Amino acid sequence: MQPLGGRARAALEEAVAHRAPIDLDEVIDQAALQTRVDRKFLLTAQEFTALAQRLGEDFRIMEIDGLRTFRYESVYFDTADFAQYRAHRQGRRRRYKVRSRTYADTGLSMFEIKTKGLRGATVKHRIEQELDDAGRLTDRSLKFLDEVVATEYGEEVPDLLPVLDSSYIRGTFVNPLDGERVTCDVELGYADGRQQVQGPDLVVVETKSVDGRGTSDQALAALGIRPVSMSKYCIGIALLNPQLPANKWSRLLEQRFGSSRHASGPRTRREAPGHRAPAVRR
(Lines give C-alpha, C1' and ligand atoms only; values in the text may rest on other atoms or scores of the structure.)
Protein backbone atom coordinates (compact mmCIF):
# COMPACT_ATOMS: atom_id res chain seq x y z
CA MET A 1 0.00 0.00 0.00
CA GLN A 2 1.58 3.27 -1.05
CA PRO A 3 1.38 6.27 1.29
CA LEU A 4 -1.57 8.47 0.36
CA GLY A 5 0.08 11.82 -0.26
CA GLY A 6 2.49 11.75 2.69
CA ARG A 7 0.17 13.55 5.12
CA ALA A 8 1.71 11.69 8.06
CA ARG A 9 5.25 12.75 7.10
CA ALA A 10 4.12 16.38 6.70
CA ALA A 11 2.43 16.33 10.12
CA LEU A 12 5.57 14.91 11.73
CA GLU A 13 7.87 17.49 10.14
CA GLU A 14 5.55 20.31 11.26
CA ALA A 15 5.34 18.97 14.83
CA VAL A 16 9.10 18.72 15.34
CA ALA A 17 9.98 22.06 13.78
CA HIS A 18 9.05 24.45 16.60
CA ARG A 19 10.19 22.82 19.85
CA ALA A 20 13.39 23.25 21.80
CA PRO A 21 16.01 20.67 20.80
CA ILE A 22 17.78 18.05 22.90
CA ASP A 23 20.96 16.43 21.64
CA LEU A 24 21.76 12.73 21.61
CA ASP A 25 24.17 12.88 24.55
CA GLU A 26 21.47 14.42 26.73
CA VAL A 27 18.98 11.77 25.64
CA ILE A 28 21.43 9.01 26.57
CA ASP A 29 22.30 10.65 29.91
CA GLN A 30 18.82 11.69 31.00
CA ALA A 31 16.27 9.62 29.10
CA ALA A 32 17.87 6.38 27.96
CA LEU A 33 15.06 4.25 29.44
CA GLN A 34 16.58 0.91 28.57
CA THR A 35 13.95 -0.66 30.84
CA ARG A 36 10.54 0.80 30.17
CA VAL A 37 6.86 0.21 29.45
CA ASP A 38 6.09 0.61 25.75
CA ARG A 39 2.65 1.32 24.34
CA LYS A 40 1.92 1.66 20.63
CA PHE A 41 -0.72 3.71 18.82
CA LEU A 42 -1.67 4.25 15.17
CA LEU A 43 -2.66 7.85 14.43
CA THR A 44 -3.89 9.72 11.41
CA ALA A 45 -2.04 12.93 10.55
CA GLN A 46 -4.84 14.98 12.15
CA GLU A 47 -4.78 12.93 15.35
CA PHE A 48 -1.01 13.23 15.54
CA THR A 49 -1.15 17.02 15.22
CA ALA A 50 -3.66 17.10 18.10
CA LEU A 51 -1.37 14.93 20.22
CA ALA A 52 1.66 17.13 19.55
CA GLN A 53 -0.32 20.18 20.62
CA ARG A 54 -1.25 18.50 23.91
CA LEU A 55 2.32 17.61 24.90
CA GLY A 56 3.68 20.15 27.35
CA GLU A 57 6.67 22.42 26.87
CA ASP A 58 8.86 20.02 28.87
CA PHE A 59 9.01 17.79 25.80
CA ARG A 60 11.88 18.60 23.48
CA ILE A 61 12.87 17.20 20.08
CA MET A 62 15.96 15.08 19.61
CA GLU A 63 18.27 16.88 17.19
CA ILE A 64 21.55 15.68 15.68
CA ASP A 65 23.63 17.88 13.36
CA GLY A 66 20.61 20.09 12.71
CA LEU A 67 18.33 17.18 11.77
CA ARG A 68 15.12 16.42 13.66
CA THR A 69 13.80 13.47 11.70
CA PHE A 70 15.95 10.50 10.83
CA ARG A 71 15.85 7.40 8.67
CA TYR A 72 16.11 4.16 10.64
CA GLU A 73 17.04 0.89 8.94
CA SER A 74 16.74 -2.40 10.80
CA VAL A 75 17.52 -6.02 10.00
CA TYR A 76 15.72 -8.60 12.14
CA PHE A 77 17.03 -12.10 12.82
CA ASP A 78 14.90 -15.17 13.51
CA THR A 79 14.99 -18.90 12.93
CA ALA A 80 14.10 -20.36 9.54
CA ASP A 81 10.64 -21.24 10.89
CA PHE A 82 10.14 -17.84 12.60
CA ALA A 83 10.31 -19.12 16.19
CA GLN A 84 10.42 -15.66 17.77
CA TYR A 85 7.56 -14.42 15.61
CA ARG A 86 5.52 -17.40 16.80
CA ALA A 87 6.52 -16.81 20.42
CA HIS A 88 5.34 -13.21 20.18
CA ARG A 89 2.06 -14.23 18.53
CA GLN A 90 1.44 -16.74 21.30
CA GLY A 91 2.27 -14.19 24.01
CA ARG A 92 5.08 -16.18 25.59
CA ARG A 93 6.88 -14.34 28.36
CA ARG A 94 10.28 -15.75 27.39
CA ARG A 95 10.54 -14.12 24.02
CA TYR A 96 13.03 -11.77 22.49
CA LYS A 97 13.81 -9.87 19.31
CA VAL A 98 17.23 -9.69 17.71
CA ARG A 99 18.09 -6.92 15.28
CA SER A 100 20.69 -4.63 13.83
CA ARG A 101 19.59 -1.01 13.83
CA THR A 102 21.33 1.60 11.70
CA TYR A 103 20.76 5.33 12.00
CA ALA A 104 21.22 6.05 8.32
CA ASP A 105 21.71 9.82 8.67
CA THR A 106 24.53 9.52 11.22
CA GLY A 107 26.13 6.18 10.29
CA LEU A 108 25.73 4.78 13.81
CA SER A 109 24.82 1.07 13.96
CA MET A 110 23.77 -0.97 16.99
CA PHE A 111 23.20 -4.67 17.61
CA GLU A 112 20.19 -5.04 19.91
CA ILE A 113 18.25 -7.66 21.83
CA LYS A 114 14.87 -6.77 23.32
CA THR A 115 13.64 -9.00 26.15
CA LYS A 116 10.66 -8.96 28.48
CA GLY A 117 11.27 -8.09 32.12
CA LEU A 118 9.06 -7.92 35.19
CA ARG A 119 5.40 -6.98 34.64
CA GLY A 120 5.87 -7.00 30.88
CA ALA A 121 8.43 -4.19 30.79
CA THR A 122 10.70 -4.10 27.74
CA VAL A 123 14.43 -4.37 28.40
CA LYS A 124 16.81 -3.36 25.61
CA HIS A 125 20.36 -4.69 25.51
CA ARG A 126 22.69 -3.30 22.86
CA ILE A 127 26.24 -2.80 21.72
CA GLU A 128 27.65 -0.58 19.01
CA GLN A 129 28.87 -2.33 15.87
CA GLU A 130 30.66 -1.49 12.66
CA LEU A 131 28.39 -0.22 9.91
CA ASP A 132 29.55 -3.03 7.62
CA ASP A 133 28.32 -5.58 10.19
CA ALA A 134 24.71 -4.42 10.07
CA GLY A 135 22.66 -7.27 8.67
CA ARG A 136 24.91 -10.10 9.72
CA LEU A 137 25.82 -11.93 12.91
CA THR A 138 29.46 -11.55 13.89
CA ASP A 139 31.38 -13.49 16.53
CA ARG A 140 31.12 -10.47 18.83
CA SER A 141 27.37 -10.01 18.37
CA LEU A 142 26.76 -13.75 18.79
CA LYS A 143 28.68 -13.80 22.05
CA PHE A 144 26.68 -10.82 23.32
CA LEU A 145 23.40 -12.46 22.22
CA ASP A 146 24.27 -15.76 23.90
CA GLU A 147 25.15 -13.98 27.15
CA VAL A 148 21.95 -11.92 27.22
CA VAL A 149 19.59 -14.83 26.49
CA ALA A 150 21.39 -17.10 28.97
CA THR A 151 21.23 -14.44 31.69
CA GLU A 152 17.63 -13.40 31.05
CA TYR A 153 16.03 -16.77 30.31
CA GLY A 154 18.61 -19.50 30.92
CA GLU A 155 18.25 -20.64 27.30
CA GLU A 156 20.52 -21.31 24.37
CA VAL A 157 20.14 -19.31 21.18
CA PRO A 158 19.13 -21.33 18.11
CA ASP A 159 20.54 -20.79 14.62
CA LEU A 160 19.38 -17.42 13.31
CA LEU A 161 19.38 -15.73 9.93
CA PRO A 162 18.23 -12.32 8.65
CA VAL A 163 14.53 -12.56 7.80
CA LEU A 164 13.28 -8.97 7.52
CA ASP A 165 14.49 -5.50 6.58
CA SER A 166 12.48 -2.56 7.82
CA SER A 167 12.85 1.18 7.40
CA TYR A 168 11.00 4.30 8.50
CA ILE A 169 11.41 8.00 9.27
CA ARG A 170 11.38 8.84 12.99
CA GLY A 171 11.06 11.93 15.14
CA THR A 172 11.51 11.66 18.90
CA PHE A 173 9.94 13.77 21.65
CA VAL A 174 11.90 13.62 24.93
CA ASN A 175 11.04 14.85 28.41
CA PRO A 176 14.42 15.02 30.19
CA LEU A 177 12.74 15.68 33.56
CA ASP A 178 11.31 12.19 33.90
CA GLY A 179 12.89 10.27 31.01
CA GLU A 180 9.64 9.85 29.06
CA ARG A 181 10.02 9.53 25.29
CA VAL A 182 7.58 9.45 22.39
CA THR A 183 8.83 8.03 19.11
CA CYS A 184 6.86 8.87 15.97
CA ASP A 185 7.42 6.79 12.84
CA VAL A 186 6.18 7.37 9.29
CA GLU A 187 6.79 5.87 5.84
CA LEU A 188 7.14 2.35 7.20
CA GLY A 189 8.48 -0.17 4.68
CA TYR A 190 9.40 -3.86 4.75
CA ALA A 191 11.42 -6.19 2.52
CA ASP A 192 12.72 -9.74 2.72
CA GLY A 193 14.86 -10.10 -0.40
CA ARG A 194 11.98 -11.40 -2.52
CA GLN A 195 9.37 -8.70 -2.15
CA GLN A 196 8.63 -5.46 -0.38
CA VAL A 197 5.58 -3.62 0.90
CA GLN A 198 4.86 -0.10 2.14
CA GLY A 199 2.80 0.71 5.21
CA PRO A 200 -0.19 3.08 5.36
CA ASP A 201 -0.08 6.87 5.61
CA LEU A 202 -0.30 6.83 9.41
CA VAL A 203 1.98 7.70 12.31
CA VAL A 204 3.14 4.84 14.51
CA VAL A 205 3.44 6.44 17.94
CA GLU A 206 5.20 4.59 20.73
CA THR A 207 5.21 5.94 24.27
CA LYS A 208 8.07 4.87 26.50
CA SER A 209 7.77 5.59 30.20
CA VAL A 210 8.56 4.04 33.56
CA ASP A 211 5.02 2.82 34.26
CA GLY A 212 3.00 3.27 31.05
CA ARG A 213 1.12 6.25 32.49
CA GLY A 214 3.21 9.13 31.21
CA THR A 215 2.07 12.53 30.01
CA SER A 216 1.82 11.28 26.43
CA ASP A 217 -0.29 8.29 27.48
CA GLN A 218 -2.67 10.63 29.29
CA ALA A 219 -2.85 12.95 26.27
CA LEU A 220 -3.71 10.05 23.96
CA ALA A 221 -6.39 8.84 26.37
CA ALA A 222 -7.90 12.34 26.48
CA LEU A 223 -8.10 12.25 22.67
CA GLY A 224 -9.91 8.91 22.82
CA ILE A 225 -7.05 7.06 21.09
CA ARG A 226 -6.51 3.56 22.40
CA PRO A 227 -3.26 1.56 22.25
CA VAL A 228 -2.93 -1.24 19.73
CA SER A 229 -1.29 -4.62 20.09
CA MET A 230 1.37 -4.22 17.46
CA SER A 231 4.97 -5.21 16.85
CA LYS A 232 6.53 -3.61 13.79
CA TYR A 233 8.57 -6.78 13.33
CA CYS A 234 5.56 -9.10 13.54
CA ILE A 235 3.46 -6.90 11.26
CA GLY A 236 6.22 -7.00 8.65
CA ILE A 237 6.60 -10.77 8.86
CA ALA A 238 2.83 -11.24 8.61
CA LEU A 239 2.53 -8.94 5.59
CA LEU A 240 5.31 -10.68 3.68
CA ASN A 241 4.44 -14.22 4.77
CA PRO A 242 0.66 -14.68 4.48
CA GLN A 243 1.04 -18.41 5.05
CA LEU A 244 1.96 -17.78 8.71
CA PRO A 245 -0.79 -17.55 11.35
CA ALA A 246 -1.43 -13.96 12.40
CA ASN A 247 -4.78 -14.06 14.17
CA LYS A 248 -3.47 -11.76 16.91
CA TRP A 249 -3.14 -8.94 14.39
CA SER A 250 -5.67 -9.94 11.70
CA ARG A 251 -8.08 -7.07 12.34
CA LEU A 252 -5.25 -4.53 12.49
CA LEU A 253 -3.72 -5.90 9.28
CA GLU A 254 -7.03 -5.71 7.44
CA GLN A 255 -8.30 -2.38 8.76
CA ARG A 256 -5.10 -0.34 8.96
CA PHE A 257 -2.60 -2.06 6.65
CA GLY A 258 -4.98 -3.08 3.87
CA SER A 259 -3.99 -6.76 3.93
CA SER A 260 -6.65 -9.43 3.38
CA ARG A 261 -3.99 -12.15 3.84
CA HIS A 262 -5.46 -14.47 1.22
CA ALA A 263 -3.26 -16.93 -0.64
CA SER A 264 -1.74 -14.34 -2.97
CA GLY A 265 -0.38 -12.41 0.01
CA PRO A 266 -0.01 -8.66 0.45
CA ARG A 267 0.34 -6.22 -2.39
CA THR A 268 4.05 -6.23 -3.10
CA ARG A 269 6.66 -5.43 -5.69
CA ARG A 270 9.91 -7.24 -6.30
CA GLU A 271 13.02 -6.23 -4.40
CA ALA A 272 15.64 -4.48 -6.50
CA PRO A 273 18.56 -6.62 -7.65
CA GLY A 274 21.60 -6.74 -5.40
CA HIS A 275 19.79 -7.41 -2.12
CA ARG A 276 22.19 -9.08 0.30
CA ALA A 277 22.11 -12.86 0.67
CA PRO A 278 21.08 -14.29 4.05
CA ALA A 279 23.92 -15.13 6.42
CA VAL A 280 23.05 -17.94 8.81
CA ARG A 281 24.15 -17.79 12.45
CA ARG A 282 27.53 -19.44 12.66
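**Exercise 1. Cysteines**

Is Cys-234 buried or exposed? Place Cys-184 on the same scale, then give the disulfide count.

*Solution.* This is a predicted model.
- Step 1. Cys-234 has a relative accessibility of 0%, so it counts as buried.
- Step 2. Cys-184 comes out at 1%, so it is buried as well.
- Step 3. Disulfides need a pair of cysteine sulfur atoms within 2.5 Å. By this rule the count is 0.

**Exercise 2. Overall make-up**

State how many helices and strands the protein has. Then give the share of buried residues and the share of contacts that span 24 or more positions.

*Solution.*
- Step 1. The secondary structure comprises 8 helices and 12 strands.
- Step 2. The protein has 282 residues, and 54% of them are buried.
- Step 3. Take the contacts with a separation of 6 or more. Of these, 71% join residues 24 or more positions apart.

**Exercise 3. Helix H7 and the largest core**

Work out how H7 sits in the structure, and what H7 supplies to the largest nonpolar core.

*Solution.*
- Step 1. The cut-off for buried is under 20% relative accessible area. In H7, 9 of the 9 residues are buried, so the helix is largely enclosed by the rest of the structure.
- Step 2. Name some of them. The buried residues of H7 include Lys-232, Gly-236 and Leu-240.
- Step 3. Turn to the core. The largest nonpolar core has 36 residues, and Tyr-85, Tyr-233, Ile-235 and Phe-257 touch the most other members.
- Step 4. Find the contributors. S4, strand S8 (161-175), S9, H7 and helix H8 (250-256) each supply at least two residues of this core. The largest share, 7 residues, comes from H7.
- Step 5. Follow Tyr-85 outward, leaving aside neighbours within four places in sequence. Its contacts are Asp-78, Tyr-233, Cys-234, Ile-237, Ala-238, Leu-244, Pro-245, Ala-246 and Trp-249.
- Step 6. Look for another core. A second, separate one has 24 residues, including Leu-12, Phe-48, Leu-51 and Ile-61.

**Exercise 4. Two pockets**

For each of the two largest pockets, find the volume, the residues closest to the centre and the class make-up of the lining.

*Solution.*
- Step 1. The largest pocket has a volume of about 540 Å³. It is lined by 34 residues, of which Tyr-72, Tyr-103, Lys-124, Arg-126 and Arg-181 are the closest to its centre.
- Step 2. Strand S5 (residues 96-103) gives the largest share of that lining, 4 residues.
- Step 3. Sort the lining of the largest pocket by class: 14 nonpolar, 5 polar and 15 charged residues.
- Step 4. The second largest pocket holds about 470 Å³ of space. Its lining has 25 residues, and the closest to its centre are Asp-38, Lys-40, His-88, Arg-95 and Lys-116.
- Step 5. Strand S2 (35-43), H4, S5, strand S6 (108-116) and helix H7 (232-240) each supply at least two residues of the second lining. S2 gives the largest share, 4 residues.
- Step 6. By class, the lining of the second largest pocket has 8 nonpolar, 7 polar and 10 charged residues.

**Exercise 5. Positive phi**

Locate Phe-82 and Glu-187, give phi for each, and assign each to an exposure class.

*Solution.*
- Step 1. Phe-82 has phi near 60°, a positive value in a residue other than glycine.
- Step 2. Phe-82 is in the loop between strand S4 (70-78) and helix H4 (83-89). Its relative accessible area is 11%, so it is buried.
- Step 3. Glu-187, also not a glycine, has a positive phi near 55°.
- Step 4. Glu-187 belongs to strand S9 (residues 180-191). At 33% relative accessible area, Glu-187 is partly exposed.

**Exercise 6. Two buried side chains**

Place Lys-114 and Ser-216 in their elements. Then describe what surrounds Ser-216 and how far Lys-114 is from Lys-97.

*Solution.*
- Step 1. Lys-114 is in strand S6. With a relative accessible area of 15%, Lys-114 is buried.
- Step 2. Lys-114 and Lys-97 are 17 residues apart in sequence, yet 5.2 Å apart in space, C-alpha to C-alpha.
- Step 3. Ser-216 is in helix H6 (residues 215-222). Its relative accessible area is 0%, so Ser-216 is buried.
- Step 4. Leave aside neighbours within four places in sequence. Ser-216 is then in contact with Leu-51, Leu-55, Glu-180, Val-182 and Thr-207.

Notes:
Residues numbered from 1 in each chain as written. Predicted model: local features only at pLDDT ≥ 70, side-chain atom pairs only at ≥ 80, totals over all residues. Heavy atoms only, no water. Buried < 20%, exposed > 50% of the residue type's maximum accessible area, 1.4 Å probe, protein only. 1 Å grid on protein atoms, 1.4 Å probe; cavity = no way out; pocket = protein on both sides within 12 Å on 5 of 7 lines; lining within 4 Å. Points joined across faces, edges and corners; volume = space filled by probe spheres on them. Nonpolar A, V, L, I, M, F, W, Y, C, P; charged D, E, K, R; others polar. Core = buried A, V, L, I, M, F, W, Y, C linked by side-chain atoms within 4.5 Å. Contact = heavy atoms within 4.5 Å.
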